[in-house]
Amino acid sequence: MEPVNSTEVSEFFLKGFSGYPALEHLLFPLCSAVYLVTLLGNTGIVVVSVLDARLHTPMYFFLGNLSILDICYTSTFVPLMLVHLLSAQKTISFLGCALQMCLGLSTGSTECLLLTIMAYDRYLAICQPLRYPVLMSHQLCWLLAGAAWVFCLFMSVTETVIAMRLPFCGHRVVSHFACEILAVLKLACGDTSISEVFLLVGAILLLPVPLAFICLSYTLILATTLRVPSAAGRRKAFSTCSAHLAVVMLYYGTVIFMYMKPKSKEARISDEVFTVLYAVVTPMLNPVIYSLRNKEVKEAARKVWGRIQTSR
């Protein structure tokens, strides 16, 4: 049979957990509840950081960006995944698959850079406190955040276009619950070397390089903090970084575990379940971590809630 052009594949079948009906019925209420908490928690962070003037600082500006990213990231695949968990028709159009792939790559990549920017912000705030207002100006905050969003979107569009222009020879069963680029590339019957090179370059730019920069920033922060004479001052410095450091460890820890471990020849259901949980649960934990570890966020949330109650 002659291979057909990739455009003749009009839709893909997302295999997901179709072979495990009991697991699908278990994941549906769990993922639904977590997704709802993710939307409410991250929306709450954005609303509070906008409405409370005390939170109009670079740290909370980047935190608001992180919350928006988490909402966008989970919304690229969770709604459709929830539909598929209860439906026998688990298909997605060719264009829909490309869009989901692009948005997933873009938001996930942007989070890597944003966490790095937030580490740099904490470094300036603790190691250069007197010059901090000048070094981390309002304009620079917008420039750094905007550059991260635009750069990652450009990379993601490029990687998606290269991947989706490959011939698929009629193959359309994706062994994943979403149009993840590595799972889709397994269906291609053409030369995937160009796509793999782009993915490798992107992975290096967005995983080890940012992580090394974050480690360097926190090494300098630790050295500066240990020189603070008072115990109260050291505790205050550590408390301003602990939430961000917890998010960094959670995010990079799960990503490295999933993508750096040895791959088995056959996809295991345990890997799929873990991927769903980390992709859905991690965005939910970010606002929880920041809310529990940050008195300013809790006080601002109480203040905003008080205004809402008063207005009623």
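# Touring the patch, a helix and the disulfides

Guide: Helix H8 (residues 193-206) gives the most to a nonpolar patch on the surface, with three residues. Helices here are DSSP runs (H or I, at least four residues), and strands are too (E, at least two), numbered from the N terminus. This is a predicted model, where local features need pLDDT of at least 70, side-chain atom pairs count only at pLDDT 80 or more, and totals for chains, interfaces and linings use all residues. Residues are numbered from 1 along each chain as its sequence is written, and side-chain values use heavy atoms, with hydrogens and water left out.

Visitor: Which helix holds Phe 151 of the patch, and is Phe 151 buried, partly exposed or exposed?

Guide: Phe 151 joins Val 197, Val 201 and Leu 205 in the nonpolar patch. Phe 151 sits in helix H6 (residues 138-164). Buried means under 20% relative accessible area, exposed over 50%, and partly exposed in between (1.4 Å probe, protein chains only). At 36%, Phe 151 is therefore partly exposed.

Visitor: Around what arc do the buried residues of H9 lie?

Guide: Helix H9 (residues 208-226) has 19 residues and reaches 27 Å from its first C-alpha to its last. Its buried residues are Pro 210, Ile 214, Ser 217, Tyr 218, Ile 221, Thr 224 and Thr 225. They sit on the same side of H9, because the arc they cover around the axis is only 120°.

Visitor: How many disulfides does the structure hold?

Guide: A disulfide is a covalent bond between the sulfur atoms of two cysteines. Here it is taken as a pair of cysteine sulfur atoms within 2.5 Å. Numbering the bonded cysteines in sequence order gives the pairing 1-3, 2-4, and the number of disulfides is two.

Visitor: How many residues apart in sequence are the parts tied together by Cys 97 and Cys 179?

Guide: The sulfur atoms of Cys 97 and Cys 179 are 2.1 Å apart. Torsion about their S-S bond is about -120°, so this disulfide is left-handed. Cys 97 lies in helix H4 (residues 94-127) and Cys 179 in the loop between strand S3 (173-174) and helix H7 (181-185), so the parts tied together are apart in sequence by 82 residues.

Visitor: What about the link of Cys 169 and Cys 189: is it left-handed or right-handed?

Guide: Cys 169 is joined to Cys 189 with an S to S distance of 1.6 Å. Cys 169 is in the loop between H6 and S3, and Cys 189 in the loop between H7 and H8. With 70° about the S-S bond, their link is right-handed.

Technical notes
Patch = residues over 30% accessible without salt bridge, like charges linked within 9 Å, V, L, I, M, F, W, Y side chains within 5 Å. Areas by Shrake-Rupley, 256 points an atom, 1.4 Å probe, with all protein chains shown as cover. Salt bridge = Lys/Arg side-chain N within 4 Å of Asp/Glu carboxyl O. Expected span 1.5 Å × (residues − 1). Arc of directions from axis to C-beta.
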